[in-house]
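The exercises below ask you to read one protein model part by part, and each is followed by a worked solution. Please look at the sequence and the model before you begin.

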Amino acid sequence: MVLENSAVNELSNMKPTLKGPLYTSSEIFALEKEHIYSKEWIFVGYECDVAEAGQYITLNVEGENIVIVRGKDYVLRAFLNVCRHRGAKLCTDPCGKRAVLQCPYHSWSYGLDGNLLSVPNTTEFKEELVNKPAYALESIHVRTWHGLIWLSFSENPRPIEQQLDTQILLRFGELDTFARYNLASLKVAHSKEYEVKANWKLIVENFQECYHCSAIHPELTAAFPSFKSGVGTQNGIGTGAELRDDLHSFSISGKKERPKLKGLLPEDDRLYFGMTILPHVFINLTPDHIIIHRIIPISADHSKVICDWLFDPDEIAKPDFDPSDAVELFHRTNEQDFVACEWCQENMGSKAYKNGGVLVPVEQHVSVFYNYVLEAIGLAGK
Ligand code: FES
Ligand SMILES: [Fe+2]
């Protein structure tokens, strides 16, 4: 699917992109859902939101209602949020704290470990005859990684470290740099959602390359002059971008409003690191905050992106805490990126793009992502 492209030749030093139909076909989208999003670990939320016994959050992931709850034994568990009696949504609020999970419809009650505890009995019905273990909540694999909650719908998911730490190693060559940002200690202070009329893969490849930075990101390239060359932080192992000499923070004004994150080294103080955690997460490390994007693919030509800005809780607690200066820089960058992704999506079905386009040398690390997708959906080498 990826190799024939008349525009690619050795003299021009270009490499092929994926072909247009891979961004428009509902069959390809279904394959990606089946072999990537239903198998890999998917980021869904933050452990700090379910820190206490009985705390739960509810969400919809891949079309399933899920409840993630901290047990009395402090183990985090995830269940399909579906009552085993007649299918009602068991927990109807987005979050809360409960000693038991009681269905609002006919009051069947489940323990925080998913076991069915009680079934209201009536004159015609004997609770003691119910085979309760057969009606436990259906569980989903859940893990935490640096304070982030991940789910997998696979029956036998691969170890989460194999998916996630491997990508940190590919990005930095070691695990220590990422670890010292102490992501698990931070909290979300601001969040934005974006509806993007583009295939999720266009959003990933856009984030991975900076060839577009000088054309569409005036604020970002003003803050990080090296981006004007088209070389982004994901072009090299361990590479970070240096803030412009006269600026003091990753924000629109460049003014320093907060100390650097606890645990960072002096050499981290002026650097930005972007990284992709496949299949659908971008993590941006800055000296005083972390920005996390997650893409939720809706259809072949439609995605949702949730972008969270995380800060040290001690800073958030200060009466004059104001993240807007920091938020504005990446918010503008996001809007610029997503418009560009939509420019491309409109033409993915064009005859002109049926064989795809090309990657210039500074973008060619994106082909690792292409190969990841093609291998997952069984089209590698086809
Ligand atoms: S549907 Fe839950 S108790 Fe009836
Ligand atoms: Fe961009």
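**Exercise 1.** Over how many bridges do strand 10 and strand 11 pair, and in which sense, parallel or antiparallel?

Solution. Before counting, note that this is a predicted model, in which local features need pLDDT of at least 70 and side-chain atom pairs count only at pLDDT 80 or more, while totals for chains, interfaces and linings use all residues. Residues are numbered from 1 along each chain as its sequence is written, chains are lettered from A and ligands numbered from 1 in the order in which they are written, and side-chain values use heavy atoms, with hydrogens and water left out.

Step 1: recall the terms. Helices (H or I, at least four residues) and strands (E, at least two) are DSSP runs, numbered from the N terminus, and two strands pair if DSSP finds at least two bridges between them.

Step 2: apply them. Strand 10 and strand 11 (residues 148-152) pair in the antiparallel sense over 5 bridges, and within this pairing His141 has Ser152 of strand 11 as its bridge partner.

Step 3: look at the connection. The two strands form a hairpin with 2 residues between them, and His146 in the turn has a positive phi of about 50°.

Step 4: turn to another neighbour of strand 10. Strand 5 (residues 76-80) is joined to strand 10 (residues 139-145) by 2 bridges, and the two run antiparallel; here Phe79 has Ser139 as its bridge partner.

**Exercise 2.** State the strand order of the open sheet of 6 strands, and then find the cis peptide bond beside one of its loops.

Solution. Step 1: read the order. The open sheet of 6 strands runs 12-17-16-15-14-13, with antiparallel pairing, and its edge strands, each pairing on one side only, are strand 12 and strand 13 (241-242).

Step 2: examine one pair inside the sheet. Strand 14 (residues 271-277) is joined to strand 15 by 5 bridges, and Thr276 stands opposite Phe282 in strand 15.

Step 3: follow the chain between these two strands. Pro279 has its place in the loop between strand 14 and strand 15, and the peptide bond from Leu278 to Pro279 is cis, with omega near 15°. As a point of comparison, most residues other than glycine have a negative phi, and most peptide bonds are trans.

**Exercise 3.** Describe how domain 1 and domain 2 meet.

Solution. Step 1: set the bounds. The domain assignment, which is automatic or from a database, gives domain 1 (15-40 + 163-376) and domain 2 (42-152), and 33 Å separate their centres, taken over C-alpha atoms.

Step 2: list the contact. With contact meaning heavy atoms within 4.5 Å, 23 residues come from domain 1 and 14 residues from domain 2.

Step 3: consider the area. Buried area is the accessible area (1.4 Å probe) that two parts lose on being put together, summed over both; for these domains it is about 1,500 Å², 67% of it on carbon and sulfur atoms. On the side of domain 1, Leu164, His280 and Arg294 lose the most area to domain 2, together 26% of what that side buries.

Step 4: find the charged pair. A salt bridge is a side-chain nitrogen of Lys or Arg within 4 Å of a carboxyl oxygen of Asp or Glu, and the count between domain 1 and domain 2 is 1. The side chains of Lys33 and Glu62 meet in a salt bridge at 3.0 Å, N to O. Glu62 lies in the loop between strand 3 (55-61) and strand 4 (64-70), and its phi is near 50°, a positive value in a residue other than glycine.

**Exercise 4.** How many salt bridges does the structure hold, and which parts does the pair of Glu40 and Arg158 tie together?

Solution. Step 1: take the total. The structure holds 18 salt bridges, and one of them joins the side chains of Glu40 and Arg158 at 2.8 Å, N to O.

Step 2: place both residues. Glu40 lies in the loop between helix 1 and strand 2 (42-46), and Arg158 in the loop between strand 11 and helix 2, so the pair ties together parts that are 118 residues apart in sequence.
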